[in-house]
Amino acid sequence: REMKVSHKRPRSETVGDQEENLECLRRQWPGREPEIARLTALLVEPDISLPLFVHGPSGSGKSGVIRGVLKALQIPLAVIDCIACSTSRHLYESTLNQLHRHNPRKANGYVGWSPCDSSATFVAGLREAITARGSICLLFEHAAELAQNQSMLATLLALPSLCQDHRVQMLFVAEAPWPDFHCATRFAPLITIAFAGYTASQLQEILLLDVHSIESTQASAYRNFVKLFIQYFYPVCRDVRELRHVCQKVFATWMKPVRDGLVSSKDTGTLLRHAQPCLQRAVSSIYVREGGATPAGLHSVYATQLPSCSKYLIIAAHLASRFPPKMDKALFAACRSFSTRKSKRPTTPAEQPLAFALERLMYIYAAVRADVSARETAELHVQLRALIQKKILVRVSRVGELEGMRLRFSAPSGLVEAVATDVNFDLTPYSFT
């Protein structure tokens, strides 16, 4: 039986409520007013249902702004992580579970809303969701992974035509456009929206939004601190999530002389002198997390789930970050049979992680994994990219530098020990003092 379908998108109860929600969103995301306006205009237009490709640097507010706009417009949303959903079946079933508000749990035997092993079944499930809920939106995070599966990407881009309904909207979110963008999309119509990196003044405004979490007696000191904090960190990091984490951590150290009654909270110069060593350590260890508070069992579980080449890459990166390049021959020549002469005992390892070149990482990787599989392969570079995405390795060189990529190791020591234990690699010879 044919069913008439209305192509009007769901709206707030009144236009006034919708505008109030969007105004609140603009206050929550300062500097993103143009992007909010463009997303809103595209999502509420009933005659346009083209896929949107949103790209920009990590921590620039892409996913947060998109979710906020969809919430303000009251459009049902399914969020799909393209890294976690490695197969088409996993992606299809995760999407349908969210759209049909189905939660696999013990009461239902941990089964999904419906088995979905083909695109036809997926399209049928989407049609049911549209009939029940009206307009729907599919948000694909880490969409760069979809470029590796051309058939799945083609299916997703064609969903409005396959569903014969323009009330299904797709948004793809990534840090950069797909390589060979038009070839990857097969010249499908697609609207791109670029999120530029935050400026220093915008980051300062965002950090000042957290003043409500500070004690009222320290609010003025926090505002003065944020200005200096941005001056220190803006050249090395513009990721909002990381800056918020580090800002709260360093501000506690900044206020210690005030709490001890040694300095007035208004004496910014004296407070800066006390906190300068902490600020310098924080800048040099950006993205680094202390591993003491994490249970060792969690590191062991995570280590067993990594591919073998990733485990040896972690070990190689750990060693490269502890010792300068001049010690490589003394540490690794015996492994590679480069020299039969007895090497001198190396000096004390560095306390702070050192930056290292990609070429040096590959050399140490081949040294600690002296077998046939240690040669440089495409799979090795894929796992290296995954470690960078997970912030286990942090790129410290600029993208445009021609001298080669430089990295810094930021994983906790517990993970290194768990990985070394899993592959039976002895770290003892490298832990001398």
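Ala78 stands opposite Leu138 in strand E3, and Ile80 faces Phe140 of E3 in the like manner. The model is a predicted one, in which local features need pLDDT of at least 70, side-chain atom pairs count only at pLDDT 80 or more, and totals for chains, interfaces and linings use all residues. Residues are numbered from 1 along each chain as its sequence is written, and side-chain values use heavy atoms, with hydrogens and water left out.

Strand E2 (residues 77-81) and E3 run parallel and are joined by five bridges. Helices (H or I, at least four residues) and strands (E, at least two) are DSSP runs numbered from the N terminus, and two strands pair if DSSP finds at least two bridges between them. Strand E4 (residues 168-174) is likewise parallel to E3, again with five bridges; here Cys137 has Gln169 of E4 as its bridge partner. The wider arrangement is an open sheet of five strands with parallel pairing, in the order E2-E3-E4-E1-E5. Its edges are E2 and strand E5 (191-194), each of which pairs on one side only. Neighbouring strands are turned by 20° against each other on average, direction ignored. For such angles, axes are lines fitted to C-alpha atoms, for helices over the stretch in contact, and values run from 0 to 180 degrees between N-to-C directions.

Which strands does helix H2 touch? Helix H2 (residues 33-44) packs on the sheet against strand E1 (52-55), E4 and E5, and its direction makes about 160° with that of E5; contact means heavy atoms within 4.5 Å. Helix H5 lies across E3 and E4, running at about 130° to E3.

How is E3 itself placed, buried or exposed? Six of the six residues of E3 (residues 136-141) are buried, so the strand is largely enclosed by the rest of the structure. Buried means under 20% relative accessible area, exposed over 50%, and partly exposed in between (1.4 Å probe, protein chains only). In a regular strand the side chains alternate between the two faces of the sheet. In E3, Ile136, Leu138 and Phe140 point one way, while Cys137, Leu139 and Glu141 point the other way.

Glu141 also takes part in a salt bridge with Arg67, with 3.1 Å between the closest N and O atoms. A salt bridge is a side-chain nitrogen of Lys or Arg within 4 Å of a carboxyl oxygen of Asp or Glu. Because Glu141 lies in E3 and Arg67 in helix H3 (residues 62-73), the pair ties together parts that are 74 residues apart in sequence. Glu141 is buried at a relative accessible area of 13%, whereas Arg67 is partly exposed at 38%. The structure holds 12 salt bridges. Among them, Glu93 and Arg89 approach to 2.8 Å between their closest N and O atoms; both lie in helix H4, four residues apart, about one turn of the helix. Asp165 and Arg167 form another, at 3.2 Å, and both of these residues are buried. Glu23, Arg26 and Arg27 are joined into one network by salt bridges that share partners.

Aromatic contacts come next. Seven aromatic pairs are present, where rings of Phe, Tyr and Trp (its six-membered ring) pair if their centres lie within 6.5 Å, and planes under 30 degrees apart count as stacked, over 60 as edge-to-face and the rest as tilted. Tyr92 and Phe122 are stacked, at 4.4 Å centre to centre and 15° between the planes. Tyr92 belongs to H4 (residues 88-99) and Phe122 to H5 (residues 119-133), so this pair ties together parts 30 residues apart in sequence. Both Tyr92 and Phe122 are buried. Phe225 and Phe229 form a tilted pair, at 5.6 Å centre to centre and 40° between the planes. These two lie four residues apart in helix H10 (residues 219-233), separated by about one helical turn, and both are buried. They belong to one aromatic cluster with Tyr222, Phe233, Phe251 and Trp254.

Two arginines sit over rings, meaning NZ of Lys or CZ of Arg within 6 Å of the ring centre and within 35 degrees of the ring normal. The charged end of Arg32 is 4.3 Å from the ring centre of Tyr198, and Arg238 lies over the face of Tyr234 at 4.1 Å.
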